[in-house]
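Please load the model in your viewer and keep the selection panel open. The stops below go from one sheet to the next, then to the places where parts touch.

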Amino acid sequence: MNAAFQRLLTALHQPETMTSLTEREWDALLRHSRSASLLSRLALDVQTCQGWDALPLRVRQHMRAATFVAERQIRAVRWEVHKMHEALGHLDIPIVLLKGAAYVMDDLPPARGRLFGDIDLLVPRDRLGDVEMQLRLHGWHGTHHDAYDQRYYRQWMHEIPPVTHITRGSTLDVHHNILPLTARLKPQASDLLAALHPIAGYSNLYRLGNADLILHSATHLFHEGEWAHALRDLVDLDTLLRHFASKPGFLKALHARAETLGLQKPLQYALQSTQALLLTPLPELDLTAPSNKSANVLINRPFVHGFASAHRDLSGPGSDLALFALYIRSHWLRMPMHLLLPHLLHKALARSKTGKE
Amino acid sequence: MMRIRDLSNQELADRLAQGLDLQTGPFIFHIQSREAPVFSGLRRLYADFPVSKEALRDFHVRVRRPANLRRWYHPQVVFEHDRASPFKPLPANHAFASLEWGMNWCIAGYAHQYLTLHAAVLERNGRAVMLPGEPGAGKSTLTAALSLSGWRLLTDETALVDLDTGVLWPMARPINLKNHSIDIIQAFSSEAIFGDKAFDTHKGTVAHLKPSLDTVLRMDESCRIGWVIFPRWQANSPARLTRRPRADTFVFAAENSFNYSVLGETGFRTLDRLIREADCYDFRYSKLEDAVLAFERLST
């Protein structure tokens, strides 16, 4: 692990150390944390530990700017969820906010200073038709019209093709499960829908239960292969664990829940990675268990490259190879070989035909 | 304090290869490039600007050749901010224009410690006039003429409004002129110093006008607003100022802000204070000389 990456991690788990960084160190840390979508988070952390006034003026200016961006995104998420609820709230089905939107709407700690991509929803699979129809009536339209893409999403994936609002340009990802239908792990959506937590002030609007929030975040991070936001997602996990795991018995229940859903692997990776990189305190976790040890040696090194991939300065030698290995791994986990190879071939041909990307 | 003119050609080229720390108003740009137009643009137009010694720079930018076969056939350059390229590559002889646009992009995209408005700002006798940018209205031409007639240039492109005090901060960077405006300003003043022209850009032919020494030496002096004036060039029109409602000015400025929506309530309060302090006018003119006289009467 290189020094720049270590400095970013230290700033995240010991924010009070930020007050003693030199201007030269800040010159790098500002850029690295911004690339990882974590500058606004550092800004709030340094304020919480009363370190704000000790920072150089230029650092405060950049942090203030980043904080405005994060606050704007939170306003935008609230508004989009409100508009989405106008379209779907009357359907009398549970509409489940996932990840960022759930943290914001339920005021959970990971929402602090978080930057967002699209809004993710989970709905019952047998009502997808109604959901799509209502969204279309309210201005959300599909962007993937190609017959191959349609089949890819509808037959294999855990979501329908993303829909974008015609005037606001915002995108919703509507899921019916948390992993592709073709994935090796097969959590049952009905299990998740049986343990929901209501969002105050809205009818039929929910987030996943406490343990499932963590399991979904871990599954998404370690089994979906979107490494560009991996460190931010790891910070989400760390924050959720610090928030919930202080309650006695929570970790035990979390492990039991992972077993029910068949998500022990991603949970194990999540607990190891948050502890190793962000020093997440997990009092009840027994790290000497044999299953924990082996994975540490075999898996964690490419993961570390994945977490450091937000900025080129953060990744050391071997990074390109490690990221390629992660790319292969994520596809391997998403689809069996007889589906995966033709799919990758189709994608490559489509790319060379249109000259895009 | 070291300024770019204190560097020999070799020293400037060496610094640019490693990264030159250029101070422009409140911002420090770490600029890396081996492209000849970048060298000559900085040499000619930024000669009076300070070379910063601070370790903490605001923006790390680079203008370089992309790694492709175009290196030999119609060579291209690409602008990078912190190792990411926000734009498509441009022809290599647009390297300096590409740097200027890239620097503007950095400020519009990241400098949310200010309310940023698409407008030119100049100062005379301690009060600032802001000229919002209606496309094709001749904002840059008028800005250039005023800057060559005793007004101090704060900015040609992006007004920086302080969120805490409401004052305007200078950047003092060169004025970007297009097509016919370049000839008009060359004819207007023999003191106008231009960089090399870049032909056939997406804006046509562009060239940058060097800011005056006074403008650069005073680039840390903020200024309170006096007027917001919407200029419009109109054939055969006498130079004429007419009042414009403040509410209307507010709405226009908000729509032409780079980050009004990012700043939320703070953006609203900052813009509200700015517009309340200003007298707002529409301004029509056909001759630059008449326009300069009209502005002079306003400022005394």
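Two strands pair if DSSP finds at least two bridges between them. Strands (E, at least two residues) and helices (H or I, at least four residues) are DSSP runs, numbered from the N terminus. The model is predicted: local features need pLDDT of at least 70, side-chain atom pairs count only at pLDDT 80 or more, and totals for chains, interfaces and linings use all residues. Residues are numbered from 1 along each chain as its sequence is written, while chains are lettered from A and ligands numbered from 1 in the order in which they are written.

**Stop 1: a sheet in chain B**

Select residues 175-178 and 198-201 of chain B, which are β11 and β12, the edge strands of an open sheet, each pairing on one side only. Add β13(B) and you have the three strands, in the order β11-β13-β12 with antiparallel pairing. From one strand to the next the twist averages 35 degrees (axes are lines fitted to C-alpha atoms, for helices over the stretch in contact, and angles run from 0 to 180 degrees between N-to-C directions).

Now keep β11(B) and β13 (residues 204-209) of chain B: four bridges join them in the antiparallel sense. Which residue of β13(B) is the bridge partner of B:K178? It is B:V206.

Next show two helices of chain B. α4 (residues 139-147) lies across β11 and β13 of chain B at about 130 degrees to β11(B). α5 (residues 180-188) of chain B also lies across β11 and β13 of chain B, running at about 115 degrees to β11(B).

**Stop 2: a sheet in chain A**

Move to chain A and select the seven strands of its open sheet, ordered β3-β4-β5-β2-β1-β7-β6, with mixed pairing. β3 (140-142) and β6 (197-198) of chain A stand at the edges with a single partner strand each, so one side of each has no neighbour in the sheet.

Pick β1 (residues 95-98) and β7 (residues 205-207) of chain A, which run parallel and are joined by three bridges. In β7(A), A:R207 stands opposite A:L97. Then display helix α6 (residues 128-137) of chain A, which packs on the sheet and touches β3, β4 (163-165) and β5 of chain A; its direction makes about 115 degrees with that of β3(A). Add α4(A), lying across β1, β2 (119-122), β5 (171-175) and β7 of chain A at about 35 degrees to β2(A).

**Stop 3: where the chains touch**

Show both chains. Residues are in contact if their C-beta atoms, placed from the backbone, lie within 7 Å. Chain A has 17 residues in contact with 16 residues of chain B. On the chain A side, α2 (23-35) and α4 (57-88) are the elements that give two or more residues, and α4(A) gives the most, with nine.

**Stop 4: the domains of chain B**

Colour residues 4-110 of chain B as domain 1 and residues 114-299 as domain 2; these bounds come from an automatic or database domain assignment. Their centres, taken over C-alpha atoms, are 24 Å apart. The contact takes 18 residues from domain 1 of chain B and 21 residues from domain 2 of chain B. On the domain 1 side, α2 (36-45) and α3 (95-110) of chain B are the elements giving two or more residues; α3(B) gives the most, with six.

**Stop 5: confidence**

Finally, colour chain A by pLDDT, the predictor's confidence in each residue, from 0 to 100. The mean for chain A is 87, and 93% of its residues reach 70 or more. Select residues 292-299 of chain A: pLDDT stays under 50 there, and the model has eight contacts beyond four places in sequence for this stretch.

Note on methods: Contact = placed C-beta atoms within 7 Å.
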